[in-house]
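Thanks for making the time this morning. I would like to walk you through one structure, beginning with the ligand and ending at the surface.

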Amino acid sequence: MNSPKITPADIRAMKARREKIAALTAYDFPTAKLLDECGVPLLLVGDSLGMVVLGYPNTTHVTMAEMEHHTRAATRAKPHALIGADLPFHAYDTPEQALANAQRLVAAGAEYVKAEGGREILPQVRAIIAAGIPFVGHIGMLPQHILEEGGKYRIKGRDDAGHAKLLDDAAALAEAGAFAVVLELVTPAVAKEITERFPFATIGIGSGPDCDGKILVTPDLIGTYPWFTPKFVKQELNAAEQIRDAVGRWKSAL
Ligand code: KIV
């Protein structure tokens, strides 16, 4: 493939052209390579790997060392896609810590970093962007705050206070210079409003049809983690079933 390397400016340009931005997670070399071959322009080594690869109950257990390990594996695919990584829970409590850990992810191969939160992490976001590291925000339902949410993934933006907080968080991330922002479980109306009002590309997950793009946890899309699939996901492949069938056939032919 001769397609050129995708940059944060290309992602913004896709928004300007109203070209839908497909984004998927990749935690290892073959997945990053395959998704790149499919022409997915934006890849994320998400801390969702904690659940769908490492078997933790949620993302709060994921460490920097685990993120670095998977970032190295996925970025060895050298994709044309822009590929970045999540800063895990408690890896960005202060601006100094956020920058040091963002630099570790960049050293592992990440071309951008993502962190959860809005105005409350503005000093951290500023420190990362001031060091020249492209940044993707993540607002709405924040999986790293699942324990504060009582273990429930709740939709955000339903009431006036939730709506106002989302707009304020979006304004903070726009002001800091995030080139894209994930909107997770945001009401479709608020996701549409943020998409129309701010210059960053909005990448929705469970947030309706009007974001600039959509992201999914790849195992949800292809069915390699069959024990839990979010309601909003339309699974395109039941790989678990195919694996069970293939192993069954192989065993019976021994
Ligand atoms: O960790 C992750 O995979 C994510 C995406 C779902 C946006 O943050």
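**Ligand, strands and a surface patch**

Please keep in mind that this is a predicted model, and let me start with Asp-86, where a side-chain N or O atom lies 3.1 Å from an oxygen atom of the ligand. Two further contacts of this kind involve Lys-114, at 2.8 Å from a ligand oxygen, and Ser-48, at 2.5 Å from a ligand oxygen. Taken alone, the ligand exposes 250 Å², and the protein buries 95% of that. The residues around the ligand also include Thr-25, Leu-44, His-138 and Val-217, among others.

Now, where do Asp-86 and Lys-114 sit with respect to the strands? Asp-86 stands opposite Lys-114, which belongs to strand E4, and E3 pairs with E4, residues 113-114, in the parallel sense over two bridges. Strand E3 also pairs with E2, residues 42-45, again in the parallel sense but over four bridges, and within that pairing Val-45 has Ala-85 of E3 as its bridge partner. As for E3 itself, which spans residues 82-86, five of its five residues are buried, so the strand is largely enclosed by the rest of the structure.

Let me finish at the surface, where Ile-243, Val-247, Trp-250 and Leu-254 form a nonpolar patch with about 480 Å² of accessible area together. Leu-254 is placed in the segment after helix H10, residues 239-252, and Leu-254 counts as exposed because its relative accessibility is 74%, where the cut-off is over 50%.

Notes
Residues are numbered from 1 along each chain as its sequence is written. This is a predicted model: local features need pLDDT of at least 70, side-chain atom pairs count only at pLDDT 80 or more; totals for chains, interfaces and linings use all residues. Side-chain values use heavy atoms; hydrogens and water are left out. Patches are made of residues with over 30% relative accessible area and no salt bridge: like charges are joined within 9 Å, nonpolar side chains (Val, Leu, Ile, Met, Phe, Trp, Tyr) within 5 Å. Accessible areas come from the Shrake-Rupley method with a 1.4 Å probe; for residues, only the protein chains shown count as cover. A salt bridge is a side-chain nitrogen of Lys or Arg within 4 Å of a carboxyl oxygen of Asp or Glu. Buried means under 20% relative accessible area, exposed over 50%, partly exposed in between (1.4 Å probe, protein chains only). A residue is near a molecule or strand if one of its heavy atoms lies within 4 Å of it. A polar contact is a pair of N or O atoms within 3.5 Å; within protein, one must be able to donate a hydrogen and the other to accept it, and residues adjacent in sequence count only if both atoms are side-chain atoms. Two strands pair if DSSP finds at least two bridges between them.
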